[in-house]
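Q: I have a new model open and would like to learn how to read it. Can we go through it feature by feature?

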Amino acid sequence: MGMIFGFLASYKFGRSLLENHPKFFSFGAVSKQGVPKQKAAETNFELTLFGKGWATKGDHDSPPNRVVKTVVKGKNVGYGSTCECMVQAGLVLLFEPDRLPGVGGVYPPGFAFAETTLVSRLNKHDVTFESSVISSE
C-alpha cells in the first residue's frame, strides 16, 4: 500500500489522482467532505506526557531529580479542542504580555506560557490538564 502511494505521489498525474479521489485510495477512510460534524463531536482525546526536571528553579550541576506526568484531555481534537487552544493562546498573548518572556527569541509553548493563565483558561473550556509528580529524589 505504501509503495503504491509513494509511487503515485512521485508524479503529477498520480498526485492528481490521489487528490481528486481520496475516498477510493484510502478505502473510504478519507473523503473530500471531511468528517461529519456529529462524528467529530463524539470524538475525544487523551495525551499523556512525561517530563524530567528539577524540583527547584535555577542552574543545576546534578542530573534531573523529578519526573512529572501530565494528562491532557479534550473533545473533538480536529475542530473543537484545537480551535479552543489557539483562541485561548491568542487571548493570552493579547491580554497578558507582561507574563510572557521579555527577551526576544523563539520559545517552546510550555516555557512561553508557563507564567500565564493559559492552562486555567483551557481547563474552563474542556481541555483539561492534570499533573502529578511521579518521582522526586
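**Reading the fold**

A: The protein has seven helices and three strands. Helices (H or I, at least four residues) and strands (E, at least two) are DSSP runs, numbered from the N terminus. This is a predicted model: local features need pLDDT of at least 70, side-chain atom pairs count only at pLDDT 80 or more, and totals for chains, interfaces and linings use all residues. Residues are numbered from 1 along each chain as its sequence is written, and side-chain values use heavy atoms, with hydrogens and water left out.

Q: In what pattern do the helices and strands follow along the sequence?

A: The pattern is α-α-α-α-β-β-α-α-α-β.

Q: How is the radius of gyration read against the globule rule?

A: The radius is taken over C-alpha atoms; the rule is 2.2 Å times the number of residues to the power 0.38. Here the radius is 21 Å, well over the 14 Å that the rule gives for 137 residues, so the protein is more spread out than a compact globule. Along the principal axes, the C-alpha atoms fill a box of roughly 55 × 35 × 35 Å.

Q: What share of the residues is buried?

A: Buried means under 20% relative accessible area, exposed over 50%, partly exposed in between (1.4 Å probe, protein chains only). Buried residues make up 17% of the 137 residues.

Q: Which residues does Ser 81 touch?

A: Contact means heavy atoms within 4.5 Å. Ser 81 lies in helix α5, residues 77-95. Leaving out residues up to four places away in sequence, Ser 81 touches Phe 45, Gly 74, Lys 75, Asn 76 and Val 127. Ser 81 counts as buried because its relative accessibility is 5%.

Q: And contacts across the whole protein: how many join residues at least 24 apart?

A: Take contacts between residues at least 6 apart in sequence; 54% of them join residues at least 24 apart.

Q: How many disulfides does a search of the whole structure find?

A: A disulfide is a pair of cysteine sulfur atoms within 2.5 Å. The search finds zero. Cys 83 is in no disulfide; its nearest cysteine sulfur, that of Cys 85, is 9.2 Å away. That distance is too far for a bond.

Q: Are Cys 83 and Cys 85 buried, partly exposed or exposed?

A: Cys 83 has 41% relative accessibility, so Cys 83 counts as partly exposed. Cys 85 is partly exposed too, with a relative accessible area of 26%.
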